[in-house]
Amino acid sequence: MPGVLIWYSVLFLTVRFHSVQGQVSYSIPEEMAKGSIVGNIAQDLGLDLQRLKSGKARMHTGDSTEYIGLNKDTGVMLIKEKMDRESLCAKTTPCALHLQLILENPMELFTITAEITDINDNPPTFQKKRIQFEISESAVTGARFMLEKAVDADVGVNGLQTYSLKPTDNFVLELHNQAGGDKNVEMVLQSPLDREKKSVITLLLTAIDGGDPQLSGTVQIHVTVLDANDNAPVFTQKVYKAVLIENAVKGSKLTTVTATDADEGSYGQVTYCIANTEDTVRNMLIIDQHSGEVTLNGVVDFEKASHYQLDIQAKDQGGLSDSCKLIIDVLDINDNKPVISLLSMSNSVSEDSTLGTVVAMMKVDDADSGVNGQVHCSINDNMPFALSSSSSNFISLRIEQQLDRERDAEYNISITCTDQGVPALSRSTSLSLQISDVNDNAPMFEKSNYEACVVENNTPGLSMFKVQASDADWNQNARVSYILEDSTVNGVSVSSYVSVHPESGDITAMRSFDFEQLKDFHFKVKAQDGGSPPLNNNVTMKIIIQDQNDNAPQVLYPVQTGGSVVAEIVPRAADVGYLVTKVVAVDVDSGQNAWLSYKLQKTTEKALFEVGLQNGEIRTVRQVTDKDAVKQKLTVVVEDNGQPSRSAVVTINVAVADSFPEMLAEFTNFSRDKETNNNLTFFLVLALAVVSLLFIVSIIAIISVKIYRWRQKKLFYKSGANLPAIPYYPPVYADGTLQHVYNYEMCGTTNSRMSDMKFVRPYSQNTLVSQSRLETVQREKERENNDLNLEQNPPNTDWRFPPNQRPGPSGAGARPEDTGAVAGVIAGTGPWPNPPTDAEQLQALMAAANASEATATLGPRYNPQYGPDYRQNVYIPGSTATLTVNPQQQIPQQALPPPQALPPIEAPKSAQTPASKKKPMKKDKK
């Protein structure tokens with residue numbers, strides 16, 4: 001077939017299927033392109049495509065390079081990298097790749113062998129490009145000359161097959177087959193040489209392989225004809241053999257070859273050389289050209305080559321030569337440790353896994369041969385696992401004994417593989433295997449039954465006992481829940497008596513227990529784990545109710561009645577120890593809480609009666625005399641022995657009389673006295689209640705008065721905040737100068753106790769009141785209003801009085817506008833004619849107070865556009881000067897009534913600042 005032959009054949013050499021291993025073999029040619037199909041492994045092994053996906057199928061190769069891959073979707077094996085058979089196997093035949101197909105869940109291993117067949121992709125080649133010979137012309141016909149062999153990397157029919165030599169006038173070729181399959185090439189002289197005719201002969205040697213198409217390689221042979229040398233060197237042996245130990249030291253002597261030449265002189269001197277050998281061997285072994293000693297020049301590795309063959313040539317100076325073969329066998333030594341490759345492993349197995357379950361699969365290789373390559377693997381002792389081998393180098397780790405996570409939750413398995421060499425070499429690997437838990441352990445209580453005591457009259461929700469169960473399992477399987485099993489106590493569900501906390505196991509009481517009704521009761525608590533299916537266990541719980549001294553003794557006799565009086569009769573002639581009566585009492589409690597003792601608490605006549613401490617019998621201590629009262633009243637206390645003790649009191653009426661009519665007359669009067677005493681007690685209690693009620697009413701009234709006065713005081717503060725500040729100035733000298741001018745502010749309220757006189761600062765000669773001072777007064781007033789948290793009504797837009805309503809001497813003057821004062825400028829700043837008198841100042845104060853009180857009837861004081869500065873004009877008493885800011889707002893106001901005459905008041909003696917306010921004295925109040 002013309003062209004490059006590409007083989008694609010699938011050979012089913014052996015296909016065996018079982019649970020662990022199957023084998024499939026393929027034969028493919030080398031140099032196949034990437035993506036080429038090798039074979040359908042799923043079809044060949046009879047596997048379903050879904051099994052490849054669920055089993056996470058993957059290919060394992062011992063080499064780091066993946067030449068063949070697997071397509072899980074189609075089950076087809078594809079070429080991933082080009083394969084060169086010569087690089088992989090060199091001359092080794094057959095050349096095969098050993099692959100492993102691994103499946104999981106469950107684990108399965110299939111062995112795949114891919115044989116790589118050779119194609120004719122390498123032509124024969126010669127090591128030298130030119131071969132030279134020097135042959136004497138006296139060489140006899142039939143003389144042989146060894147030629148260099150060609151090397152062809154291909155094998156089989158594609159390898160080197162034959163040689164041809166051209167021209168053949170003087171020489172012909174002879175091929176000699178050797179035991180190893182190689183061919184020695186010799187050039188044989190078939191006709192005598194004549195140096196005088198032709199001193200140099202050129203030949204062409206061609207090496208031809210057997211491929212299709214055939215490939216060839218050539219080399220030129222140059223023969224120089226010399227003068228006569230009629231004896232050629234001869235080796236003593238045609239084949240030499242030597243043994244070389246692996247890893248031998250460089251320079252080690254292998255053997256010595258010897259050749260002799262019958263000629264003398266230069267024609268008898270023989271030199272040795274290694275011929276027809278690859279470069280790797282040529283560099284590894286050297287030969288002494290004079291002595292013929294062969295020594296080691298490199299490192300020998302048995303795993304790479306187990307034997308070597310050398311062609312050694314002996315040549316004399318006349319050009320005659322002879323050849324021999326040296327065969328070297330390499331002895332293997334144990335120099336390679338076993339290699340353990342983990343193919344697949346489960347990180348965890350369930351503790352209920354069946355025996356024989358495969359946990360891990362490994363491959364063990366040893367590069368040595370013979371016994372040095374035989375490997376035995378073992379695991380550490382006391383392990384529930386065992387190793388099994390399905391083939392020579394595959395081992396499986398299986399479960400041999402039943403697993404128990406509660407005993408061992410994790411195993412560290414050490415696998416040691418040792419070869420059989422001397423000394424033995426070994427390698428170990430460790431595997432960590434987790435044992436997953438299954439719910440195979442039910443919760444266990446410490447005891448089969450429990451008892452708990454609780455005192456009666458307990459509060460509902462009281463914790464009485466706590467049960468605890470443990471589960472040897474792990475995680476959710478060990479999560480214990482506690483359940484109260486349904487049962488009845490006295491016909492009532494036990495859940496109405498107790499409850500069990502599902503997580504903590506705390507048993508709490510759902511009701512208050514009464515010992516007199518229930519002494520003890522039983523119920524069962526079930527502990528259940530969170531496994532699937534859940535496991536449970538139960539325990540019997542007994543609750544013992546302990547008695548508490550919660551019942552007072554009950555007097556059975558004498559019977560106490562509210563309407564009638566029952567009395568015992570003691571004859572006057574009664575002897576000492578006379579049995580008057582017997583107090584009979586019982587206590588429903590038990591134990592010492594029911595032990596009763598009797599004591600005589602109160603009697604009418606002392607030392608006349610006594611009561612028995614244990615039996616309650618009332619007897620006379622002495623004889624009855626005439627001095628003893630006829631009506632005797634005995635109070636007997638019946639007390640139990642509890643802690644604290646409880647008691648009952650019984651009153652017994654005893655009549656000292658000889659007949660029943662006499663006793664009846666006495667006790668009729670006794671009943672009337674008793675009714676009178678009861679009425680008196682009622683009136684005393686009623687009087688106490690009335691006195692308490694009056695006391696409470698008085699306290700409420702006092703608090704109300706205090707609150708009322710406090711509110712009145714706040715109202716006084718509010719009214720005082722609305723008064724304007726009236727400055728006072730001392731008289732001015734005639735020349736218009738002020739030697740000591742001071743300004744005082746007086747703030748007066750309707751409550752004179754809150755008045756204040758404040759010193760401001762000295763004024764210059766030409767200053768009466770500045771605009772900045774007016775703003776200061778306004779800011780202080782706003783600060784006081786904020787402190788009181790009171791909202792002030794806005795003043796009128798123009799609060800100036802008409803000329804006839806202005807207080808003081810300035811009231812008769814004209815308005816500033818009438819005098820021609822300009823807006824924003826102080827009018828009449830000349831010297832004052834007279835200082836204001838005390839009466840004028842008082843009149844100004846009263847007018848201002850009346851103006852403040854009339855705010856509700858005068859309406860708003862100013863428009864919103866004049867909100868911030870409501871003091872648009874300031875009038876100075878005793879002067880015609882007026883400070884004005886906005887002369888346009890001059891709306892006449894309603895005239896105020898004239899102020900009434902008031903007694904003169906004292907002028908303030910000194911200025912008082914807010915920081916130096918003092919409590920007013922009595923004379924100030926006046």
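How much surface does the chain expose, and what share of it do carbon and sulfur atoms supply? The chain exposes about 51,500 Å², and carbon and sulfur atoms supply 53% of that area. The model discussed here is predicted.

**The chain as a whole**

The chain has 926 residues, of which 39% count as buried. Nine helices and 56 strands are found along the chain. Among contacts with a separation of 6 or more, 68% are between residues 24 or more positions apart.

**Two open sheets**

Two of the sheets are described here. One is an open sheet of three strands in the order β17-β21-β20, with antiparallel pairing. Its edges are β17 (253–256) and β20 (285–287); each has a single partner strand, so one side of each is left without a neighbour in the sheet. From one strand to the next, the twist averages 20°. Within this sheet, β17 is joined to β21 (residues 293–296) by three bridges, and the two strands run antiparallel. Lys253 has Thr295 in β21 as its bridge partner.

The other is an open sheet of three strands in the order β9-β12-β11, also with antiparallel pairing. Here β9 (144–146) and β11 (171–177) are the edge strands, each pairing on one side only. The twist in this sheet averages 35° from one strand to the next. Strands β11 and β12 (residues 183–189) run antiparallel and are joined by seven bridges. Phe171 stands opposite Leu189 in β12.

**A strand with two faces**

Strand β33 (residues 449–455) has side chains that alternate between two faces. Tyr450, Ala452 and Val454 point to one face and are buried. Asn449, Glu451, Cys453 and Val455 point to the other face and are not buried. The pairing of β33 with strand β42 (residues 536–546) is parallel and extends over seven bridges. One residue of the face that is not buried, Cys453, has Ile544 in β42 as its bridge partner.

The strand pairs described above are listed together.

| Strand pair | Sense | Bridges | Residues paired |
|---|---|---|---|
| β17 and β21 | antiparallel | three bridges | Lys253 and Thr295 |
| β11 and β12 | antiparallel | seven bridges | Phe171 and Leu189 |
| β33 and β42 | parallel | seven bridges | Cys453 and Ile544 |

Strands of a sheet pair through backbone hydrogen bonds, in either the parallel or the antiparallel sense.

**A loop residue**

Where is Ala629 found? Ala629 is in the loop between β49 (617–620) and β50 (631–640). Is this residue buried or partly exposed? Ala629 has a relative accessibility of 26% and therefore counts as partly exposed, since the buried class ends under 20% and the exposed class begins over 50%. Leaving aside neighbours within four places in sequence, Ala629 is in contact with Glu605 and Val656. The C-alpha atom of Ala629 is separated by 10.0 Å from that of Val654, a residue 25 residues apart from Ala629 along the chain.

**A nonpolar patch**

Which residues make the nonpolar surface patch of about 690 Å²? The patch is made by Phe695, Ile696, Ile699, Ile700, Ile702, Ile703 and Ile707. One of these residues, Ile696, has its place in helix α5 (residues 660–720). With a relative accessible area of 49%, Ile696 is partly exposed, because a residue counts as exposed at over 50%.

How values were computed
Residues numbered from 1 in each chain as written. Predicted model: local features only at pLDDT ≥ 70, side-chain atom pairs only at ≥ 80, totals over all residues. Heavy atoms only, no water. Helix = DSSP H or I, 4+ residues; strand = E, 2+ residues; numbered from the N terminus. Buried < 20%, exposed > 50% of the residue type's maximum accessible area, 1.4 Å probe, protein only. Contact = heavy atoms within 4.5 Å. Pairing = 2+ DSSP bridges. Axes fitted to C-alpha atoms, helices over the stretch in contact; angles between N-to-C directions. Patch = residues over 30% accessible without salt bridge, like charges linked within 9 Å, V, L, I, M, F, W, Y side chains within 5 Å. Areas by Shrake-Rupley, 256 points an atom, 1.4 Å probe, with all protein chains shown as cover. Salt bridge = Lys/Arg side-chain N within 4 Å of Asp/Glu carboxyl O.
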